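Welcome! Let's get to know this protein through a few questions and answers.

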Amino acid sequence: MCKKAPLWHWVILYAFLFLICTQLAACLPVHHPADTYARFPLPTSTKRLNLRETSADLHPTITPITHDIQATHPVPLPEMCSDIASKVRITYVTFEENNDNKLVGSSMYFLDPPYITPHQIYTSNNGETINVSNLQPVLWTNDLQKVSFSVSSGDTSRSVYVYDDATKNVLPVLTSINSEYQVIFPRFSWDPTEKWLSVLIDEGYAIQSHIINVNTGETTILNYQSQEQVLAWHPLHAGEFITMSYPDFPNEDKVVIALRVLGQETPVKTFIFPDGYTILMDWRRSFFSISPDGNLAVFKSQTVPIGTSSLPIYLFLTLDTGEWAEYLPQQEISVTPFWSSDNRYLTFSSKTGLQILDVTEHHLINIPSNVTAKPLAWLSNRLVFENSHKVYSISPRRPETLCLIQDISAIVSNISPLFWINILPEWR
């Protein structure tokens, strides 16, 4: 007959086994959950309109950085960024007030490196005021030789002026505009030859569209009844431009896109917006863009009648074939004019910062930036943008590598808060 072990023997045995298990567990590798990136359903559907459905894989995106962007750029710059140099032009406007806080004058200047001596563009007089806003920007030509801007003459009228840096002259190109109207310079206002300027006059309920030869003063006014307006100049073909119009205006459900040539009444091509869609037009935020080869146009749109979702739909039009494609990013983004030179990447802005759309694979790449970031140009297939008074470059293929190109915070701290940045031509 077996004798039962005393209780204290079992206590010692259990303690010994517990000690052994603890030591073994300490030797085993600990598996932490892998780092993950935010994923968006991009796109929920990507399809060619009126054709069969196509599917697209989900792609990861880089999570936006929300802390101070100054801490994210490498120091010193990585080798892959050392061959990129950039200098910028800073244009700004100053205002003068009297003792009653009434505007009595304004002046416009630009600064080039080494940012010591400002160059005066224009100084108002006799109660004039330079107009600057989201709708009335200071818009330079691509070679930074001419700049367009508008001026108010008291409470009576507005005028459009062009400053030519080669001659140092300021010329009025459009005058006697009703002071209650807004003057709009879309980002594609200047044609590639930089002698034709498109200007929109927003009457609040309708728009006038003017095309002006700044050298001769020759002016073309587009069809007011259908609200035809210039969207862009063809990037490669001089004299060609793209318009949109509403044949049934004031009903804006039907939209016609046309490829036109200066001096010709009949469009080269016309494209009818797909049934059930209309343009989501807002000049304060970009709603249109065209690729550098002039073949792919992008429109921010919405369904008609407006669906339950408030999110926009992006329609891509291939001008060569007339084929439409739909893109649904499932978030609010705004198109910008900034494309990579290979036509593959398009820059968007959003409430979280800048994003880059890979047009080939249909996925968005988030860029470390904030809501105030502004794209400036593409250099060597890298996006150059300004964020918190610093100029950065970033590659969509390596979005985790952010390069600081130029810090302009010391420069802009001494000038008006109303300023614009342009990349100098020799660095493009």
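Q: How many helices and strands are there in the protein?
A: This is a predicted model, so the counts come from computed coordinates. Strands number 32 here, and the helices come to 2. The tally is therefore 2 helices and 32 strands.

Q: What percentage of the 428 residues is buried?
A: A residue counts as buried when its relative accessible area is under 20%. Among the 428 residues of the protein, the share that meets this is 50%.

Q: Which strands are the edge strands of the open sheet with the order 24-25-26-27?
A: This open sheet has 4 strands with antiparallel pairing. An edge strand pairs on one side only, and that holds for two members, residues 333-339 and residues 363-366. Neighbouring strands are turned by 35 degrees against each other on average, direction ignored. The edges are strand 24 and strand 27.

Q: Which residue in strand 26 is the bridge partner of Ser349?
A: Strand 25 covers residues 345-350 and strand 26 covers residues 353-358. They pair in the antiparallel sense over 6 bridges. For Ser349, the bridge partner in strand 26 is Leu354.

Q: Why can Leu103 be part of a nonpolar patch on the surface?
A: Leu103 lies in strand 4, which spans residues 103-111. It shares the patch with Phe95 and Leu418, and together they have about 220 Å² of accessible area. Patch residues need over 30% relative accessible area. Leu103 qualifies on that count because it is partly exposed, with a relative accessible area of 35%.

Methods. Residues numbered from 1 in each chain as written. Predicted model: local features only at pLDDT ≥ 70, side-chain atom pairs only at ≥ 80, totals over all residues. Heavy atoms only, no water. Pairing = 2+ DSSP bridges. Axes fitted to C-alpha atoms, helices over the stretch in contact; angles between N-to-C directions. Patch = residues over 30% accessible without salt bridge, like charges linked within 9 Å, V, L, I, M, F, W, Y side chains within 5 Å. Areas by Shrake-Rupley, 256 points an atom, 1.4 Å probe, with all protein chains shown as cover. Salt bridge = Lys/Arg side-chain N within 4 Å of Asp/Glu carboxyl O. Buried < 20%, exposed > 50% of the residue type's maximum accessible area, 1.4 Å probe, protein only.
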